[in-house]
Amino acid sequence: MPDEAVPDADLDAFLALLAARRSPRTVDAYRRDLARLSAFLGKPLAQATLEELERYTAGLRAEGLSAATIARRAAAARSYFRHLQLLGTRTDNPAAELALPPRLRKLPRTLSPGEAERLIAAANGTAPRALRDRALVELLYGAGVRVSEAVGLEKNGVDLEERLVRVTGKGGKERIVPVGRPAVEALRRYLARGRPFLDRRHRPELFLNAKGGGLTRAGAFLILRGLAEKAGLEPARVHPHLLRHSFATHLLEGGADLRSVQELLGHADLGTTELYTHVSDRRRRELYFRAHPHARRQRERGNDDTRPAHDDLDGRGGGDRVADDARGPREERTRGPA
C-alpha cells in the first residue's frame, strides 16, 4: 500500500481537537492509522466511500495483519467520520458499515500469588533506587494501575494517611484507587529515604530515575525485568501490565465482585473486566483436575483399572489440558539504567 498521506486540513483539525482530550500517545496512534488510510486513498479522507474502505481493510487482511490491528485502524476511521458528522461535513459514517474479521480475545497471563510475592521480595535493599523499585512494584501489583498511570503520578497524588492514590487514566479520566498497607509502607519509606536523594531537579513526579528526571515507561519495564531475574522468574515474561492482570485476577479469586474490580481498573466497559473471570475459571478447572480422583487422567490409574476416564468434561477429550496462556503485551526493548 502507498505510505505517503496527502495534505488534509480536515484531518489536521480533527487531530488538533483530539489532542485537547487524549494523551499524546493516543493522538500519535490516531495520526499513524489515519495517515495510512489517507495514503491508500490518495485523496482527503472526507471523500472516502464505503467501497474504498472495504478495499483498504481487505488489503490489510491480505498483508496478514491481526484482527485486532484491523479493528483498531477501522475504529480510528470511525471516530474521524463521526467527527465529520458532528460538523455537518458528512451525513454518513462509512467506517461504521465495515464488516471486520472476528477478534479472538486471548486470556491474559498472570502471576500466581506466590510469584507476585517473590517479585516483590526481590525489590529489597535500602539504597534510594531499591526503595523506589519496591514502591513501584508494590503499587503496580497492590493498586493495579497502568504503567503510564504509575509514572504519571505526582508526589501529591498519594494520600498515605487515607491509603488512596489519585491516578489519571485513559482519556484523562481521574479515579481514586485504594492501596494496601504494604504498598503504603513502601511508598512512605521511598518518600522519606529514597526520593529526596534522587530529586536533583525538583520534579513533581512521584517516581524518579537515577538522573533525577521522571521515571519513564521504558524505565519501569527495565526495573521489573531486573527484579524478575532476581526472583528466579522468566524476565521476558514479566512486564508492568502482567502485574495489573494479576491484581485483577487475584481480587476476583479472593471474592471481589466484578463491578468493583471494573472501577478499580478504570475500565469503561464491563466486558473488558469479565475477561479476568475466565482466568479464574481456568484455574479452578486446573485445581479440579489435579485434586479430584475421578478427574485424573487415565494413565495415572493402575494398568488394571478399566474404568473410563472422567476428565472429558466438554466431550472433546483431554479435559485436563488447559489452553496455553496468551502472550502478554509486547514489551519495550530498553537499555541503560533506570
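A residue is called buried under 20% relative accessible area, exposed over 50% and partly exposed in between, computed with a 1.4 Å probe on protein chains only. The model is predicted, so local features need pLDDT of at least 70 and side-chain atom pairs count only at pLDDT 80 or more, while totals for chains, interfaces and linings use all residues. Residues are numbered from 1 along each chain as its sequence is written, and side-chain values use heavy atoms, with hydrogens and water left out.

Two residues other than glycine have a positive phi. Their loops are bounded by helices (H or I, at least four residues) and strands (E, at least two), which are DSSP runs numbered from the N terminus.

| Residue | Phi | Loop between | Relative accessible area |
|---|---|---|---|
| Arg163 | near 60° | strand E1 (158-159) and strand E2 (164-168) | 29%, partly exposed |
| His202 | near 55° | helix H9 (195-198) and helix H10 (217-231) | 70%, exposed |

Two packed helices are described by the angle between their axes and the distance between the axes. For helix H6 (residues 128-143) and helix H11 (residues 240-253), the axes come within 7 Å and cross at roughly 40°; these axes are lines fitted to C-alpha atoms over the stretch in contact, with angles from 0 to 180 degrees between N-to-C directions. H6 is therefore oblique to H11, the term for angles that are not under 35 degrees (roughly parallel), over 145 (roughly antiparallel) or 65 to 115 (roughly perpendicular).

In this contact (heavy atoms within 4.5 Å), Val137, Leu140, Tyr141, Gly142 and Ala143 of H6 meet Pro240, Leu243, Arg244, Ser246, Phe247 and His250 of H11. The contact residues divide into seven nonpolar, three polar and one charged, where Ala, Val, Leu, Ile, Met, Phe, Trp, Tyr, Cys and Pro count as nonpolar, Asp, Glu, Lys and Arg as charged, and the others, Gly among them, as polar.
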